[in-house]
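Reader: I am new to this structure and would like a close look at a single part. Please start with any enclosed empty space, then go through one helix in detail.

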Amino acid sequence: MANVVLEKIGKHYGPVEVLKGISIEVEEGEFVALVGPSGCGKSTLLRTIAGLEDISAGVINIGGRVVNDLRPMDRDIAMVFQNYALYPQMSVLQNMSFSLKLKGVPKAQVLERVNRAAAILGLENLLQRYPRQLSGGQRQRVAMGRAIVRDPQVFLFDEPLSNLDAKLRVQMRAEIKELHQRLGTTMIYVTHDQVEAMTMASKIVVLRDGVVEQIGGPLELYDNPRNKFVAGFIGSPSMNLLDGKMTPEGFTTPDGIVLPTGNKNPNAVTYGVRPEHLTIAPTGMPLKVSVVEPTGFETQIIGTVGNQHFTGIFRDRIDAAPGSTIHVSSELSVVHLFDEKGDSLA
């Protein structure tokens, strides 16, 4: 395994600046997720680490070596793509062993590595099948197996689960996390799905418009977002963000609804609270119900506070109908305030 250090990475496509001086340090054996909305630069950044894209500025260091000018095959990394990238005319065994044969690895060693990877991924009985005979999840495991047999210093994953259905994505999330625990190899994982990032990674890098917004552990980003963007991006459903201003009574919305806070900072213009931190309270803020979504385990209520969108998640089975109004509140300790620039006032 190896660490990966990115120093002020820049990337231009003509006049368009895609990556704007990104600096990240990935420790040996760490599982880091690059997450952000479409177009934020996360896949481009991963491709620069792999050597599939040249950088316009900065330094990429893998395992103590500057690799800016090294070819992808010389960087000792393995990449798993979104579309699996399997050879359709080759069996699973041939797909997994292909890169080793190109390197001239002895046949006995090739079979040993393939069998070891197949055992880890549960592919032992599928080695003679072809990609067309496999399910989506099985194909993804073959793609991971092809990477494992190379025994790289770093694994790179580029949205590997986006082509799978919801149930299979959950299963594969657990399998990739377990794979990391078994191998202990450094992994960098790109996804637009913040739930994937939260559940799998030990550290998350949140990107927006080619800039790093915040780096930290999943719960650190959830509990202490640096700004409104991170607050709204991390968490599902996202944090409720209400516009208003601080008054002597508390945070007051344009509709005159007063929300108590533990912070009287006069610079506050946005009030934030997560849907799951709300409880039913007769004297709380009025939430006009638009949609009720019962899941059995919990009830999600979507509506408005004043004229602003608002969502609540409750473990109890709430007796509410569209058009009705319920009252909700939260502990002051979980309320977030932001200034006009979007920065946290915690």
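Author: In this predicted model, one cavity of 30 Å³ or more is present. The largest cavity holds about 30 Å³ of space. Its lining is made up of Met-73, Asp-76, Ile-77, Lys-103, Arg-150 and Pro-152. By type, three of the lining residues are nonpolar, three are charged and none is polar. A general remark on such spaces: rolling a probe the size of a water molecule over the atoms shows where empty space is left.

The helix to look at is H3, which runs over residues 107-121 and has 15 residues. From its first C-alpha to its last, H3 reaches 21 Å, close to the 21 Å expected at 1.5 Å a residue. Six names make up the list of buried residues in H3: Val-110, Arg-113, Val-114, Ala-117, Ala-118 and Leu-121. Seen down the axis of H3, these buried residues fall within an arc of 130°, so they line one face of the helix. Here a residue counts as buried when its relative accessible area is under 20%, and as exposed when that area is over 50%. On the other side of H3, Ala-108 and Glu-112 are exposed.

What lies over the buried face? The cover of the buried residues of H3 includes helix H2 (92-102) and helix H4 (136-148). Just after H3 comes Gly-122, which takes a positive phi of about 70°.

Notes:
Residues numbered from 1 in each chain as written. Predicted model: local features only at pLDDT ≥ 70, side-chain atom pairs only at ≥ 80, totals over all residues. Heavy atoms only, no water. Helix = DSSP H or I, 4+ residues; strand = E, 2+ residues; numbered from the N terminus. Expected span 1.5 Å × (residues − 1). Buried < 20%, exposed > 50% of the residue type's maximum accessible area, 1.4 Å probe, protein only. Arc of directions from axis to C-beta. Contact = heavy atoms within 4.5 Å. 1 Å grid on protein atoms, 1.4 Å probe; cavity = no way out; pocket = protein on both sides within 12 Å on 5 of 7 lines; lining within 4 Å. Points joined across faces, edges and corners; volume = space filled by probe spheres on them. Nonpolar A, V, L, I, M, F, W, Y, C, P; charged D, E, K, R; others polar.
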